[in-house]
Amino acid sequence: MISSVLPTYNRAPLSFVKGEGSWLIEADGRRFLDLGAGIAVNTLGHANPELAQVLKDQADTLWHVSNLYKIPAQEALADKLTELTFADTCFFTNSGTEAAELAIKMARKYWYEKGQPEKIEVISFEGCFHGRSTGAIAASGTDKMVKGFGPLMPGFVHLPFGDWEAVADHVTDKTAAILIEPVQGEGGIRVVPDEALKLLRRICEEKGALLIFDEVQCGIARTGRLFAHEYAGVTPDIMMIAKGIGGGFPLGAVLATEEAASGMTAGTHGSTYGGNPLGCAIGLKVLSIVSDPAFLAEVNRKAGLMRQKLEELVAAHPDVFEAVRGEGLMLGLKCKIAPADLVGKGYEQGVLTVPAADNVVRLLPALNITDEEIAEAVSRIDAAASAL
Ligand SMILES: *Cc1c(COP(=O)(O)O)cnc(C)c1O
């Protein structure tokens, strides 16, 4: 008989009743060091007191107001996001997938309004992940995600990851946009080199296409910069964010330049919950904490510490690990064994990690993890690797 919860997940036999910072706790009191953070969601750890206070205060004041009306909390968050980034304007969603949908719609609408309705194609890259809507799975194009769900939304062109020089050859007079994660998350913590992001920016300028960055996983200080693309010194026309911005509250957004957003006039898009006061109040708090230069400096210091310990771990287990990769506190252990085996042994040692494609185990801790917790986490992964 089917479970009352639709069985679309392969769940680990763990269930938590409480969270405290970088720790998750089971009903019997067993404590796990959480290096998954809800897959890069719990930016400031579980049950963060500052965020909880904002949530409680806002809950006592106003939760939901329709977008029929002005929402000051939404405007405050949009002001802060546009002040801190390339963007001139923001639309709020409840998830990364919804942000991906709007990013695609916005790019197509842009060219439509420019009198070039034939420009509808979006170029995406092997290993990408942009969500599970029919549009987002069409962008990924992998069998695993699309099989049985056709007909897919047409207009996606899938290129290999890594052959950046060849991209220009695939940009045609039908291309609306190039869509890319500056650091692939689900794809296995694959960092797109700065030079490649610069090249894509140049190609978009030369050939007339919009550049869309998906920073749903790599954004919000995860890589040690507020946004991963800052390392490359180029900016997109459109950017999706979600995951980390809500610190655990469902919140996403599309950020765009005034030009790229020019087709999105009143009545062309909307959302019931997107930009509700509760989510935006929390998002604003998360953003003000993580955008502080002192906070970012700490993320980088901790990232250096963690990376050094992981390099030692890799050297100590040459049969298990191949390399450490990633940027900031978005780290991957490239494995020689099946990543799920290491993740499973980690459960026995009380450490939570997340498998990804390309034989990688992902480490995405809360950005305020302590030095002691980093040392403890790596020693638990060490024990897990020894038990394989
Ligand atoms: C998780 C993720 C998404 C989808 O976000 P949801 O909130 O699960 O809809 C999109 N893009 C990237 C890069 C992601 O990591």
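This report covers the ligand site, one sheet, the aromatic pairs and some backbone features of a predicted model.

## Ligand site

Eleven names make up the ligand's surroundings: Ser-95, Gly-96, Thr-97, Phe-129, His-130, Gly-131, Glu-181, Asp-214, Val-216, Gln-217 and Lys-243. Sorted by class, this shell holds six polar, three charged and two nonpolar residues.

Three polar contacts can be set side by side.

| Residue | Atom on the protein | Atom on the ligand | Distance |
|---|---|---|---|
| Phe-129 | backbone N or O | nitrogen | 3.1 Å |
| Gln-217 | side-chain N or O | oxygen | 2.8 Å |
| Lys-243 | polar side-chain atom | oxygen | 2.6 Å |

On its own, the ligand has 380 Å² of accessible area, and the protein covers 83% of it. Phe-129 reaches a ligand nitrogen through a backbone atom. Gln-217 uses its side chain, and its partner is a ligand oxygen. Lys-243 also meets a ligand oxygen, with a polar atom of its side chain.

## A four-stranded sheet

Four strands form an open sheet in the order β1-β2-β3-β15, and the pairing is mixed. β1 and β15 (351-352) are the edge strands, each pairing on one side only. Strands of a sheet pair through backbone hydrogen bonds, in either the parallel or the antiparallel sense.

Start at the β1 edge. β1 (residues 16-20) and β2 (residues 23-26) are antiparallel and share four bridges. Lys-18 has Ile-25 of β2 as its bridge partner. The two strands make a hairpin with two residues between them. Gly-21 sits in that turn, with a positive phi of about 60°.

Next comes β2 with β3. These strands also run antiparallel, joined by three bridges. Here Trp-23 is bridged to Leu-33 in β3. This is a hairpin too, now with four residues between the strands. Its turn contains Gly-29, whose positive phi is about 95°.

The last pairing is parallel: β3 (residues 31-34) and β15 are linked over two bridges. Leu-33 has Val-351 of β15 as a bridge partner. Asp-34 stands opposite Leu-352, also in β15. Leu-33 thus appears in two pairings, with Trp-23 and with Val-351.

## Aromatic pairs

How many aromatic pairs does the model have? The count comes to four. Two of them are described here.

Tyr-110 and Trp-111 form an edge-to-face pair. Their ring centres are 4.8 Å apart, with 80° between the planes. The angle is over 60°, so the pair counts as edge-to-face. Tyr-110 is buried, at 8% relative accessibility. Trp-111 is buried as well, with a relative accessible area of 9%.

Phe-125 and Trp-164 form a tilted pair, 5.3 Å from centre to centre and with 55° between the planes. What does this pair tie together? Phe-125 belongs to strand β5 (residues 121-125), while Trp-164 is in the loop between β6 (156-159) and α7 (167-170), so the contact ties together parts that are 39 residues apart in sequence. Both partners are shielded from solvent by the accessibility criterion: Phe-125 is buried at 1%, and Trp-164 is buried at 9%. Ring pairs also bring in Phe-161, giving a cluster of Phe-125, Phe-161 and Trp-164.

## Backbone features

Most residues other than glycine have a negative phi, and most peptide bonds are trans. Three places in this model depart from that pattern.

The peptide bond from Gly-150 to Pro-151 is cis, with omega near -5°. Pro-151 is in the loop between α6 (143-146) and β6.

The other two places are Asp-358 and Asn-359. Asp-358 has a positive phi, near 65°. Asp-358 is located in the loop between β16 (354-356) and β17 (360-363). Are these residues buried or partly exposed? Asp-358 is partly exposed, with a relative accessible area of 33%. Asn-359 lies in the loop between β16 and β17. The phi of Asn-359 is positive too, near 55°. Asn-359 is partly exposed, at 30% relative accessible area.

Terms used: Residues are numbered from 1 along each chain as its sequence is written. This is a predicted model: local features need pLDDT of at least 70, side-chain atom pairs count only at pLDDT 80 or more; totals for chains, interfaces and linings use all residues. Side-chain values use heavy atoms; hydrogens and water are left out. A residue is near a molecule or strand if one of its heavy atoms lies within 4 Å of it. A polar contact is a pair of N or O atoms within 3.5 Å; within protein, one must be able to donate a hydrogen and the other to accept it, and residues adjacent in sequence count only if both atoms are side-chain atoms. Accessible areas come from the Shrake-Rupley method with a 1.4 Å probe; for residues, only the protein chains shown count as cover. Ala, Val, Leu, Ile, Met, Phe, Trp, Tyr, Cys and Pro count as nonpolar, Asp, Glu, Lys and Arg as charged, and the others, Gly among them, as polar. Two strands pair if DSSP finds at least two bridges between them. Rings of Phe, Tyr and Trp (its six-membered ring) pair if their centres lie within 6.5 Å; planes under 30 degrees apart count as stacked, over 60 as edge-to-face and the rest as tilted. Buried means under 20% relative accessible area, exposed over 50%, partly exposed in between (1.4 Å probe, protein chains only).
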